[in-house]
Amino acid sequence: MSSKLNSISFKLGLLFSGVFITLLLLLGLILYGVFTNMFVDYIKQDLLAKGQNHARILAEDFNQSAINHVVEMEKGVMTDVLVTDNKQQFVAFSKKPDEEMVDHLITKSLSNGTILEEDWKQHSYLISVTPIGDHLGYVYMYYPASILREIVFVMNLLLIVATIGILLLAFGLIGILSRRLTRPLLYMKEATSKMAMGMYKQNIPVKGKDEVAQLGFSIQNLGDQLQYFEESRSDFLAAVSHELRTPLTYLKGYSDILNKDIIKDREEQKEYLTIINKEAHRLSILINDLFEMSKLQTGQFVLKKELTNINQVIKKATKNLNPVANEKGIGLILSLNEEIPDISIDPQRMEQVIYNLIENAIKYTSQGTITIKSTLLGDFIVLQISDTGIGIPSKDLPKIWERFYRVDQSRTRKTGGSGLGLYVVKQIIDAHNGSIQVKSKENEGSVFTIYLEKEENDEKDTNS
């Protein structure tokens with residue numbers, strides 16, 4: 001029971017009901033007051049009009065025949081009439097005057113008709129008086145207040161019954177609407193509870209384009225992303241474990257052999273040392289990728305910009321990778337525009353970007369060439385690394401910049417890598433306010449294009 005009382009649908013229904021009841025009561029009170037006042041005013045005006053009409057008839061011919069005619073007109077109706085002379089002596093009446101009628105006889109002369117008593121709640125009659133001609137006498141009109149009270153009572157009863165009916169209908173509609181409004185929120189609550197237990201991928205049945213529906217779609221998309229990252233993390237941990245285990249096995253095995261001084265041949269010792277060095281290099285690359293990702297996630301990634309010639313950065317990265325390319329029989333071709341101005345960049349980070357892209361091109365190219373170009377295009381310096389390698393499937397192109405993403409597990413196991421290289425590359429380019437794009441076709445190669453703005457640097461040169 002307590003859970004139902006604490007539910008959002010109950011609270012929302014209670015809020016709507018409270019607002020609705022308050023507004024309904026205010027409207028009922030206003031309508032009651034307006035209707036009652038209008039009805040009483042109508043009775044008073046009708047009473048005055050009748051008294052004035054009788055007084056006009058009697059003023060024309062104030063005799064017994066006219067008086068009897070006036071009295072006869074008020075028999076069989078709700079109102080009563082009393083005719084007096086100018087000294088307030090009874091001349092004729094449709095009902096024998098009672099105590100309240102007598103008490104309301106006027107004591108001074110009047111020139112116009114008026115309402116003598118309008119308090120229908122406390123008195124027996126609504127009373128009007130109208131003078132007849134030039135002080136010939138007076139016509140008193142009486143409307144029983146009991147009839148008015150009965151009419152108001154019936155009106156109140158109808159109003160109460162209508163209010164109860166409206167309230168019951170309103171409570172039903174509010175209950176249905178509040179449940180309908182809160183049902184998507186309950187679905188979201190259930191979905192987020194499951195997501196908290198690790199079941200990230202959820203289907204939330206929401207429709208429409210309002211804020212609640214958009215929230216549902218956002219939670220659903222969040223679940224999909226969390227599921228994707230969870231799967232990526234698992235794949236990444238498996239890959240890292242594999243990548244760490246393989247070189248460590250080599251390092252431990254060959255170092256044990258060398259340490260036991262089993263191998264006497266110098267050439268064989270040199271071969272083992274080369275293997276140890278190669279595996280240590282693989283470990284270094286993996287740890288460096290993890291370290292870079294950690295800095296990006298903790299906000300410790302800081303650029304140290306300085307005016308740098310981008311061509312010199314390209315030449316340095318290419319020179320370091322030339323031996324690797326030559327070993328695979330791949331040619332590195334430089335096509336650099338020497339008129340490119342110096343640009344404000346972090347040279348070490350930019351070298352890391354170019355090194356990573358060229359190294360990837362070498363890994364996934366078995367034969368052919370890799371071309372590195374630098375050109376000017378309007379306000380941009382454009383760097384392009386193209387290869388003739390195995391390419392990237394079109395379905396994978398949008399995802400290659402994501403953390404831990406690797407196009408092909410078997411391909412990665414053969415070439416090494418953690419799935420962090422291109423993620424780090426994009427973060428560095430974004431930090432330089434640049435952009436990077438890729439075009440690729442399977443078995444034909446890939447082209448990575450970097451755009452860096454030179455406008456900021458040109459302004460500095462002009463100011464200096």
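Residues are termed buried when their relative accessible area is under 20%. By this criterion, buried residues constitute 38% of the 464 residues in the protein chain. The structure is a predicted model, and the surface exposed by the protein chain amounts to about 27500 Å², of which carbon and sulfur atoms supply 56%.

The secondary structure of the protein chain comprises twelve helices and twelve strands. Among contacts with a separation of 6 or more, 65% are accounted for by residues 24 or more positions apart in the protein chain.

Helix α5 spans residues 145–196 and contains 52 residues. From the first C-alpha of α5 to the last, the distance is 72 Å, close to the 76 Å expected at 1.5 Å a residue. The course of α5 is interrupted by a kink of about 35° at T182, a position shortly before the proline P184. Beyond the helix, α5 is followed by G198, for which phi is positive, with a value near 100°.

Confidence was also examined along the sequence. The average pLDDT of the protein chain is 82, and 88% of the residues score at least 70. In two segments, however, the values are low: pLDDT stays under 50 over residues 410–415 and likewise stays under 50 over residues 457–464. For residues 410–415, the model has 13 contacts beyond four places in sequence, whereas six contacts of this kind are present for residues 457–464.

Key:
Residues numbered from 1 in each chain as written. Predicted model: local features only at pLDDT ≥ 70, side-chain atom pairs only at ≥ 80, totals over all residues. Heavy atoms only, no water. Helix = DSSP H or I, 4+ residues; strand = E, 2+ residues; numbered from the N terminus. Expected span 1.5 Å × (residues − 1). Bend = angle between axes of the 7 residues up to and from the residue. pLDDT = per-residue confidence, 0-100. Contact = heavy atoms within 4.5 Å. Buried < 20%, exposed > 50% of the residue type's maximum accessible area, 1.4 Å probe, protein only. Areas by Shrake-Rupley, 256 points an atom, 1.4 Å probe, with all protein chains shown as cover.
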